[in-house]
Amino acid sequence: MRIYLCLLSFSVLLNISCNSKHAGKTEDAEKDTYVNPLFTEGPNPNAIYHDGKYYYTHETNDQIFLWVTTDITDMPRSTCKEVWVPKDPSNSYHLWNPEIRNIDGKWYIYFAADDGNTDNHQIYVIENDSPDPMQGEFRMKGAIMTNPEWNWGIHPSTFEHKGELYLLWSGWPNRRIGSETQCIYIARMENPWTLATKRVMISQPEYEWERQWINPDGGRTAYPIYVNESPQYFHSKDNQTVIVYYSASGCWSPYYCTGMLTADADSDLLNPASWKKSPVPVFQQKPEDGVYGPAGLSFIPSPNGTEWYVLYQARSIPSGNTGESETRNPRLQKIGWDANGMPDLGIPLPVNTPLPKPSGTVTNQ
């Protein structure tokens with residue numbers, strides 16, 4: 001049911017374009033501070049830093065846009081390009097969670113799409129061999145078969161560890177019949193578009209905070225919600241611990257939050273026993289500050305490499321009920337490190353809070 005509800009919220013999104021009317025405030029652009037949100041709309045944001053520039057994406061449902069900027073906090077002055085418009089009916093609908101990566105000198109964007117039926121979501125990857133992803137052309141490499149039954153898969157995310165490329169994603173153990181359970185899977189990749197190993201489940205909803213929901217239709221019907229999704233790789237300060245952050249509970253609800261899995265860097269990442277789950281969420285709503293559903297994390301360094309920032313989505317109202325416009329938007333804030341060298345995400349801050357720009361930020365020209 002989570003899939004259907006999130007889809008309804010997109011029906012009024014109307015394909016966010018590169019138009020800066022969707023960007024955040026500009027009055028702080030020339031200062032050394034910024035405020036959230038980065039855009040007024042934009043769920044599931046993702047960015048990487050490469051050769052002095054940030055490359056940024058978020059969901060726009062029917063196509064994929066790519067932004068480039070030297071100042072991630074000043075998106076109104078960024079450059080934007082539509083880089084993918086699907087033509088194949090089998091993958092032309094509900095393009096979710098695009099993620100851009102540079103692998104062996106080529107550019108890849110991973111995303112999930114379907115044929116109009118959200119139960120048919122599969123993971124796809126497009127490739128651009130231009131040194132500059134804003135130039136050249138992205139071409140379809142194909143679907144990534146995450147299991148022999150071609151069962152459902154969304155929210156792909158890749159990472160490299162000890163010379164190996166891995167794929168993380170959210171999927172169902174079995175085809176949905178009435179309801180579904182979303183789990184986190186991992187597999188090693190033969191190349192950026194092919195899995196080398198079978199999928200391994202490393203997390204499934206088991207705690208109450210991974211199963212919370214609000215009824216979107218005014219209490220008339222109850223739907224079970226068992227959600228682990230949006231996995232994202234990170235690491236401890238000394239790189240001795242591998243971390244997978246993930247989102248839990250219903251994405252339209254205030255309970256949407258962030259969980260954490262950890263594994264020793266020298267362990268077998270394809271062994272479920274290598275992974276330990278935090279029994280509590282590590283990033284969650286702050287109703288007293290008007291912040292709800294903070295999740296969908298990715299991590300980027302400051303331009304000079306001395307700081308790390310978490311990019312995430314949140315909303316300023318408790319829920320994204322059907323019939324309303326999309327209320328999730330991208331936000332950015334600095335993280336720290338605890339006494340054990342693990343990331344300290346802090347708490348999600350209220351919108352319009354002045355924050356120092358990332359160290360070494362170069363103003364957009």
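**Exercise 1. Describe the sheet that contains β19, β20 and β21, and state which strands lie at its edges.**

Step 1. In this predicted model, β19, β20 and β21 form an open sheet of three strands, in the order β19-β20-β21, with antiparallel pairing.

Step 2. Strands β19 (292-301) and β21 (329-334) each pair on one side only, which makes them the edge strands.

Step 3. Ignoring direction, neighbouring strands of this sheet are turned by 30° against each other on average.

Step 4. Strands of a sheet pair through backbone hydrogen bonds, either parallel or antiparallel. Here β19 and β20 (residues 308-315) run antiparallel and are joined by six bridges. Across from A295 stands Q313 in β20.

**Exercise 2. Classify the ring pair F111 and Y124, and locate both residues.**

Step 1. The whole structure contains 18 aromatic pairs. For F111 and Y124, the ring centres are 6.1 Å apart and the planes meet at 25°, so the pair is stacked; the cut-off for stacking is under 30 degrees.

Step 2. F111 belongs to strand β7 (residues 106-114) and Y124 to strand β8 (residues 122-128), so the pair ties together parts that are 13 residues apart in sequence.

Step 3. Relative accessibility is 0% for F111, which therefore counts as buried. Y124, at 8%, counts as buried too.

**Exercise 3. Do the same for W152 and W172.**

Step 1. The ring centres of W152 and W172 lie 4.3 Å apart with planes at 15°, so this pair is stacked.

Step 2. W152 is in the loop between β9 (139-144) and β10 (153-161), and W172 is in the loop between β11 (164-171) and β12 (183-191), so parts 20 residues apart in sequence are tied together.

Step 3. Both tryptophans, W152 and W172, are buried.

**Exercise 4. Is N97 buried or exposed, and which residues does N97 contact?**

Step 1. N97 is a residue of strand β6 (residues 93-103).

Step 2. Its relative accessibility is 11%, so N97 counts as buried; the limit is under 20%.

Step 3. With neighbours within four places in sequence left aside, N97 contacts N44, E59, Y110, F111, H155, P156 and S230. One of these contacts, F111, is the residue stacked with Y124.

**Exercise 5. Which charged residues lie over the rings of W193 and Y185?**

Step 1. Over the ring of W193 sits the charged end of K141, 4.0 Å from the ring centre.

Step 2. Over the face of Y185 lies R199, at 4.3 Å from the ring centre.

**Exercise 6. Which residues form one aromatic cluster with W308?**

Step 1. The cluster consists of F234, Y245, F299, W308 and W337.

Conventions:
Residues numbered from 1 in each chain as written. Predicted model: local features only at pLDDT ≥ 70, side-chain atom pairs only at ≥ 80, totals over all residues. Heavy atoms only, no water. Helix = DSSP H or I, 4+ residues; strand = E, 2+ residues; numbered from the N terminus. Buried < 20%, exposed > 50% of the residue type's maximum accessible area, 1.4 Å probe, protein only. Contact = heavy atoms within 4.5 Å. Phe/Tyr/Trp six-rings, centres within 6.5 Å; stacked < 30°, edge-to-face > 60°. Lys NZ or Arg CZ within 6 Å of the ring centre and 35° of its normal. Pairing = 2+ DSSP bridges. Axes fitted to C-alpha atoms, helices over the stretch in contact; angles between N-to-C directions.
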